[in-house]
Amino acid sequence: MQPRIILDSKRFLLTLNRLCFQLIETQKDFSNTAIIGVQPRGIYLSDRIHKRLSEITGKTIAYGIIDPTFYRDDYRTAEKQLTPKATSIKFSTENKSVVLIDDVLFSGRTVRSAMDALLDFGRPSKVELLVLVDRRFTRQLPIQPDYVGITIDSLTSERVKVDWDKVDGSDRIWIVPAKPNEP
Amino acid sequence: MNALSVKHLLGIKYLTREDIEIIFESADEFKEVLNRPIKKVPSLRDTTIVNLFFENSTRTRISFELAEKRLSADTINFTSSGSSVKKGETLIDTVNNILAMKVDMVVMRHPSPGAPVFLSQHINASIINAGDGTHEHPTQALLDAFSIREKLGKVEGKKIAIIGDIRHSRVALSNIFCLKKLGAEVMVAGPPTLIPMYIESLGVKVEYDVRKALEWCDAANILRIQLERQEIQYFASLREYALYFGVNKKLLDEIGKDILIMHPGPINRGVEITSDVADSPNSIILDQVENGVAIRMAVLYLLSGRKEV
């Protein structure tokens with residue numbers, strides 16, 4: 001199978017903008033909202049959404065990043081050593097409406113561990129999930145996103161890869177063959 | 001980031017520079033965890049760890065136990081006094097009996113140099129050396145270097161003086177290995193009787209004048225005189241040692257530069273270091289203790305996640 005692009009940079013920006021406006025619709029004035037990106041690759045999306053939302057609304061929106069590594073359930077079985085990334089939540093999540101942001105929703109296990117990590121920081125009044133790519137029919141846990149950039153039906157032998165302007169030179173979403181040993 | 005190259009932490013000698021850097025990067029994140037409202041993560045909730053202490057310890061034992069609890073591991077504490085060791089049980093028998101109760105990792109302090117290495121050849125569980133006689137104390141060296149990195153920005157190229165009883169100190173040996181691997185310049189200083197012969201072969205400078213060592217260094221790691229390990233008298237008296245080799249405020253004021261003051265504890269106040277130095281703003285002795293928990297969490301976490309190959 002050849003790698004193929006399913007979202008080019010032009011449509012990518014449209015999708016990003018749409019997600020921002022969806023958040024503006026539901027989160028009102030953002031005074032009680034916090035945006036939290038999930039490490040490692042969800043933070044590229046959360047960075048962009050947070051920046052764009054600040055531009056559109058002109059407001060300061062609480063923003064943090066969270067690393068779910070210590071809460072994962074595949075710690076002993078993962079092929080690679082799971083090494084931690086930075087967590088930075090410099091505000092109280094108590095009674096806040098939190099929007100968790102990740103790039104690709106696949107099994108739901110990362111989101112589960114990110115939620116566990118998040119709840120150790122306090123008791124938010126509400127937690128929602130925003131993802132750029134929702135891979136349908138691949139979930140291993142009962143987790144569904146509240147905001148979706150693009151929904152994809154793909155084979156489990158394939159992998160969805162998101163390129164970011166900041167790190168990969170261009171905004172794109174690819175479907176590529178899975179590497180050996182990958183789910 | 002890759003996994004550690006070792007299954008046990010027996011000594012810094014067996015680690016690569018990359019291993020040390022992986023441990024530091026993980027410890028950075030654990031330090032963040034320790035400053036959260038809930039200072040605990042569930043990573044090792046399926047792991048049982050035994051702390052085997054055949055020798056006295058305050059800091060190291062509490063620090064390991066806290067690190068284990070912060071990682072949600074189950075812990076068992078063992079001290080040789082009051083155990084069957086007194087009835088003549090061998091080390092391997094003791095440990096195998098404990099492992100038969102499904103224990104996954106062993107943290108061990110032992111008065112005999114090489115005891116953890118010996119044990120690692122006979123059992124399957126991961127072993128962490130918490131100090132073996134006068135040989136190595138790897139987690140102490142890691143937390144010392146981690147504290148230097150935190151305060152001075154990096155370890156590479158920094159000048160570190162280790163002052164005091166080098167001969168009987170496992171902290172000194174592990175520190176030398178660790179700092180050299182990270183690219184620091186290392187000097188040992190103290191009375192000639194307490195500096196082992198041929199120590200230059202480890203790539204360290206030797207100085208018998210503490211003032212000159214202090215003038216040279218960016219950070220001074222001051223070690224305790226280990227009277228309990230000294231089978232003969234190596235210097236005339238503690239008063240004389242304090243006079244000629246102790247670090248005091250007057251000496252530091254005369255040198256007049258900012259030197260990071262470190263001490264692995266326990267401190268003999270008024271002997272190797274005076275109280276006004278140990279409690280001065282340049283002293284990072286309590287930061288070292290704080291970092292110890294994060295470093296030990298990182299070591300336990302990284303070793304427990306290692307896949308068998």
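Two strands count as paired if DSSP finds at least two bridges between them. Strands (E, at least two residues) and helices (H or I, at least four) are DSSP runs numbered from the N terminus. The model is predicted: local features need pLDDT of at least 70, side-chain atom pairs count only at pLDDT 80 or more, and totals for chains, interfaces and linings use all residues. Residues are numbered from 1 along each chain as its sequence is written, chains are lettered from A and ligands numbered from 1 in the order in which they are written, and side-chain values use heavy atoms, with hydrogens and water left out.

**Exercise 1. Determine the strand order and the edges of the four-stranded open sheet of chain B.**

Step 1. Strand β1 (residues 48-53) of chain B is joined to β2(B) by six bridges, and the two run parallel. Within this pairing, B:Phe78 in β2(B) is the bridge partner of B:Leu52.

Step 2. The full order is β2-β1-β3-β4, with parallel pairing. The edge strands are β2 (74-79) and β4 (126-132) of chain B, each of which pairs on one side only.

Step 3. On average, neighbouring strands of this sheet are turned by 15 degrees against each other, direction ignored. Axes here are lines fitted to C-alpha atoms, for helices over the stretch in contact, and angles run from 0 to 180 degrees between N-to-C directions.

**Exercise 2. Explain why β7 and β9 of chain B each have one side without a neighbour in the sheet.**

Step 1. The open sheet of five strands in chain B has the order β7-β6-β5-β8-β9, with parallel pairing.

Step 2. Strands β7 (205-207) and β9 (260-262) of chain B stand at the edges with a single partner strand each, so one side of each has no neighbour in the sheet. The average turn between neighbouring strands of this sheet is 20 degrees, direction ignored.

Step 3. For β7(B), three bridges in the parallel sense connect it with strand β6 (residues 185-189) of chain B; B:Met187 stands opposite B:Lys205 there.

**Exercise 3. Describe the interface of chain A and chain B.**

Step 1. Taking contact as heavy atoms within 4.5 Å, 17 residues of chain A touch 26 residues of chain B.

Step 2. Buried area is the accessible area (1.4 Å probe) that two parts lose on being put together, summed over both. The two chains bury about 2000 Å² between them, 51% of it on carbon and sulfur atoms. A:Phe70, A:Arg76 and A:Gln81 supply 38% of the area that chain A buries against chain B, more than any other three residues.

Step 3. A salt bridge requires a side-chain nitrogen of Lys or Arg within 4 Å of a carboxyl oxygen of Asp or Glu; the count between chain A and chain B is zero.

**Exercise 4. Locate the salt bridge of A:Asp168 and the cis peptide bond at A:Pro40.**

Step 1. The side chains of A:Asp168 and A:Arg41 meet in a salt bridge at 3.2 Å, N to O. A:Asp168 is in helix α4 (residues 165-168) of chain A and A:Arg41 in the loop between β2 (33-38) and α2 (42-57) of chain A, 127 residues apart.

Step 2. A:Pro40 is found in the loop between β2 and α2 of chain A, and the peptide bond from A:Gln39 to A:Pro40 is cis, with omega near 0 degrees.
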